[in-house]
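Work through the exercises below with the sequence and the 3D view side by side. Try each task before reading its solution.

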Amino acid sequence: APTWPSGKALRPMREVDVLYDNLLALLEQLEGLTPRDIVVMTPDIESYAPYISTVFEGRQDHVRKIPFSIADRTLTSEGEIAAVVLKLINLPGSRLTVPQLFDILEATPVSRRFDLEDDELETIRNWLVETRVRWGMDERDRERLGLPGYRDNSWQAGLDRLLLGYAMPDDGGSLFNGKLPYDEMEGSSPRTLGKLVEFICRIAEFAGKMARPRTLGEWRDELRMMLGEFIAADDDSARELSAIAGVVEEIGELEGQAGFTERVELGVLRSWLSARLAQEEKGLGFMTGGVTFCAMLPMRSIPFRVVALIGMNDGAFPRQSRPPGFDLIARNPRRGDRSLRDEDRYLFLESILSARDSLFLSYVGQSIRDNSEIPPSVL
């Protein structure tokens, strides 16, 4: 079997480029080798995932394109529903700007929930520009933020103009009760307008309700309603929605386990939910028929014909354990206590044993700042 020297690259993007070229060479040289026989592991899959996607998806030559999948990514990093959930719970107390709400509306799970097509989203974008909507639900919303209470350039002012444009005939820009109707309503525009009005009304109601402190059980109920009102999953995202719903149920379970029935501020919920979704893995992408990219985990000592380890930088692997100063167990360790460094040393040996035909090692060996040498992992 061919052996490959360890390689060093100037930056992770170039490192993945070199990996791609070497995998092509291995697929040509090793008889019967297929992409499913290759696993690529890295200590920090979240940092390398964008570079992997760019290099492996960006190849135009379909003959030389290598199928791949990325495993061990968290919902926060890859999940489309999790990103929308975090944006929604950050709305209460904010200015409700046009970029904020339109970013949520054009997200696939939300646009699917409100049955909006791409051309309808473009129509809504043009409406918001032409009616000069900027921020704030209405004048009362601005007063709650301690600002002057005026309606101009708010969401309500924009909707008033759009609804008047639908209800009144085009009479050349005449005012009605001090408001200028938007006269360019035609075709299927009224149906699209109804969807926009429904979305904005739900956002206003949601932002108002979420601003009040609640018990953990009440927060669970509110988040359940949020998922039902704003999210619609398809076959590809049903698993993610189920995982997020499970995290929401944990909130109610915590109330019973801790016996804590006091009201909790929204900021506490935001912090807990963000941290929890950052830990929840999507659970897809391992051994799907192409090259498998994954994190270096103890359960990954599965034999592959080709094992590649990238990102083997000094300080990145083995992981450094930096316990807090008040950790008395770490200050006085005993035999049998967990050691991340020792675990990674053992994991590295297991990875070598898992390679049946070829082992590829690479690391970022030069500084992107001054081109100085950077040592590889001591392992």
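**Exercise 1. Which residues are linked with R220 in a network of salt bridges?**

Solution. The model is a predicted one, and side-chain atom pairs count only at pLDDT 80 or more. Begin at R220 and follow the charged side chains: R220, D221, R224 and E249 are linked in a network of salt bridges. For the wider setting, a search of the whole structure finds 19 salt bridges.

**Exercise 2. Find the salt-bridge partner of E120, and decide whether E120 and K195 are buried or exposed.**

Solution. The first step is the distance, and here the closest N and O atoms of E120 and K195 are 3.2 Å apart, which meets the 4 Å limit for a salt bridge. The second step is to place the two residues along the chain: E120 lies in helix 7 (residues 118-130) and K195 in helix 10 (residues 189-210), so that this pair, 75 residues apart, links distant parts of the chain. The third step is accessibility, where buried means under 20%. E120 has a relative accessible area of 10% and is therefore buried, and K195, at 13%, counts as buried too.

**Exercise 3. How do the salt bridges R151 to E139 and E343 to R338 look in terms of distance and accessibility?**

Solution. Take R151 to begin with: its salt bridge with E139 has its closest N and O atoms 2.8 Å apart. R151 sits in the loop between helix 8 (139-144) and helix 9, while E139 belongs to helix 8, and the two are 12 residues apart. Because its relative accessibility is 27%, R151 counts as partly exposed. Turning to E343, its salt bridge with R338 brings the closest N and O atoms to 2.9 Å. E343 counts as partly exposed because its relative accessibility is 30%, whereas R338, at 64%, counts as exposed.

**Exercise 4. Describe how helix 4 and helix 12 meet, and what E240 touches.**

Solution. Two packed helices are described by the angle between their axes and the distance between the axes. The axes of helix 4 (residues 80-89) and helix 12 come within 8 Å and cross at roughly 45 degrees, which means that helix 4 is oblique to helix 12. On the helix 4 side the contact is made by E80, I81, A82 and V85, which meet E240, L241 and I244 of helix 12. Sorted by class, this contact has 5 nonpolar, no polar and 2 charged residues. Now look at E240 itself, which is found in helix 12 (residues 238-258) and counts as buried because its relative accessibility is 4%. Leaving aside residues up to four places away in sequence, E240 touches L75, G79, E80, I81 and A82.

**Exercise 5. What span should helix 1 have, and which of its residues are buried?**

Solution. Helix 1 (residues 12-29) has 18 residues, and at 1.5 Å a residue it should span 26 Å; its end C-alpha atoms are 26 Å apart, so the two values agree. The buried residues of helix 1 are E15, V16, L19, Y20, N22, L23, L24, A25 and L26.

**Exercise 6. Where is L163, and which residues does L163 touch?**

Solution. L163 is placed in helix 9 (residues 155-167), and because its relative accessibility is 38%, L163 counts as partly exposed. Not counting residues up to four places away in sequence, L163 touches L193 and V197. From L163 to Y182 the C-alpha distance is 7.8 Å, with their positions 19 residues apart in sequence.

Conventions: Residues numbered from 1 in each chain as written. Predicted model: local features only at pLDDT ≥ 70, side-chain atom pairs only at ≥ 80, totals over all residues. Heavy atoms only, no water. Helix = DSSP H or I, 4+ residues; strand = E, 2+ residues; numbered from the N terminus. Expected span 1.5 Å × (residues − 1). Buried < 20%, exposed > 50% of the residue type's maximum accessible area, 1.4 Å probe, protein only. Contact = heavy atoms within 4.5 Å. Axes fitted to C-alpha atoms, helices over the stretch in contact; angles between N-to-C directions. Parallel < 35°, antiparallel > 145°, perpendicular 65-115°, else oblique. Nonpolar A, V, L, I, M, F, W, Y, C, P; charged D, E, K, R; others polar.
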